[in-house]
Amino acid sequence: MICVSVGKKGYDACARAVSGLGFAEVRLDMAGLTVDETKRLFAAHPNLIATFRPGAASAAARRQCLLAAVHAGAAYVDVELEAPEGYRKRLVGAARDHRCRVIVSHHDDDRTPDRETLSVIAARCFDAGADVAKVACRVRTEQDSARLLGLLDSEKRIVVVGMGEKGLITRLAAPLLGAPFTFAALEEGEETAPGQWGHARLREALAKLGWRE
């Protein structure tokens, strides 16, 4: 599947963006939604990922919005592997109670570690309660992309993301190699992370390679 990552600002813009998509990630850290708006958005669509990256908002504010999304019917909640244990356990527990699947994600904005370290990171994601492990790393060489894609040689559900221009291949190859989904931007120029393809262009490229969603 292709998951379209939506970074629109405000409830109306987010609602319009996800209404025509089968599967989308809502970047709550970009959306600026109230708790009530978060509930409305996630109650209206059956297949959304709730993501709230750390940054300007406090941990308490992030947790409140993510819990609202889970309670309203989010399909997935994304919790960072590096988050405090109490924060992570509360979100994982709420997800289990509401039949919401858990993505435990690791992000390295600087580099792609060696293969052994990547395997350890993926294992830690599952130990932390993941239904899907997401490993996103900055890619600087072709070998970095190869190591990330090597994680897909697994029976477990793993999403790999190569950030940066040299990581573009990972977003195309991952679904062909067994990743449960890959991320794309809503439109060219609306990327929520470095190295994203536009949704339409990625779908077209995958179709040419014989991939069917």
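**Close-up views of a predicted model**

**View 1. Leu209 follows helix α9.** Leu209 sits in the segment after α9 (199-208); helices (H or I, at least four residues) and strands (E, at least two) are DSSP runs, numbered from the N terminus. The model is predicted: local features need pLDDT of at least 70, side-chain atom pairs count only at pLDDT 80 or more, and totals for chains, interfaces and linings use all residues. Residues are numbered from 1 along each chain as its sequence is written, and side-chain values use heavy atoms, with hydrogens and water left out. Leu209 has a relative accessible area of 52%, so Leu209 counts as exposed (buried is under 20%, exposed over 50%, partly exposed in between, with a 1.4 Å probe and protein chains only). Together with Leu176 and Leu177, Leu209 makes a nonpolar surface patch of about 280 Å². Patches are made of residues with over 30% relative accessible area and no salt bridge, with like charges joined within 9 Å and nonpolar side chains (Val, Leu, Ile, Met, Phe, Trp, Tyr) within 5 Å. Accessible areas come from the Shrake-Rupley method with a 1.4 Å probe, and for residues only the protein chains shown count as cover.

**View 2. Helices α1 and α3 pass each other in a right-handed crossing.** Helix α1 covers residues 11-19, and helix α3 covers residues 35-43. Their axes come within 11 Å and cross at roughly 10°. The axes are lines fitted to C-alpha atoms, for helices over the stretch in contact, and angles run from 0 to 180 degrees between N-to-C directions. The two helices, α1 and α3, are therefore roughly parallel to each other (under 35 degrees is roughly parallel, over 145 roughly antiparallel, 65 to 115 roughly perpendicular, and the rest oblique). A crossing is right-handed if the near helix is turned clockwise from the far one by less than a right angle, and left-handed if anticlockwise.

**View 3. Arg53 and Asp78 form a salt bridge.** Side chains of opposite charge can pair when their charged atoms come close. The closest N and O atoms of Arg53 and Asp78 are 3.2 Å apart; a salt bridge needs a side-chain nitrogen of Lys or Arg within 4 Å of a carboxyl oxygen of Asp or Glu. The pair links distant parts of the chain, 25 residues apart: Arg53 is in the loop between β3 (48-51) and α4 (59-72), while Asp78 is in strand β4 (residues 76-80). Both partners are buried: Arg53 has a relative accessibility of 13%, and Asp78 has one of 1%. A network of salt bridges links Arg53 and Asp78 with Arg62 and Glu80. The structure holds eleven salt bridges.

**View 4. Asp144 and Arg147 meet in a salt bridge within helix α7.** The N to O distance is 2.6 Å. The two residues are three apart in helix α7 (residues 142-150), so about one helical turn separates Asp144 from Arg147. Asp144 counts as buried at 8% relative accessibility, whereas Arg147 counts as partly exposed at 23%.

**View 5. Glu204 and Lys208 form a salt bridge in helix α9.** Their closest N and O atoms are 3.6 Å apart. Glu204 and Lys208 are four residues apart in the helix, which means that they are separated by about one helical turn. Glu204 is partly exposed, at 47% relative accessibility. Lys208 is exposed, at 67%.

**View 6. Arg99 has a positive phi.** Most residues other than glycine have a negative phi. The phi of Arg99, which is not glycine, is near 55°. Arg99 lies in the loop between α5 (85-97) and β5 (101-108), and its relative accessible area of 82% makes Arg99 exposed. Lys166 is in another loop, between β7 (158-163) and α8 (168-176). Lys166 is partly exposed, with 43% relative accessibility. Along the chain Arg99 and Lys166 are 67 residues apart, and their C-alpha atoms are separated by 36 Å.

**View 7. Ala44 and Glu155 are exposed loop residues.** Ala44 is in the loop between α3 and β3 and has a relative accessibility of 64%. From Ala44 to Phe126 the C-alpha distance is 29 Å, with their positions 82 residues apart in sequence. Glu155 is in the loop between α7 and β7 and has a relative accessible area of 83%. Glu155 and Phe181 are 26 residues apart in sequence, and 15 Å apart in space from C-alpha to C-alpha.
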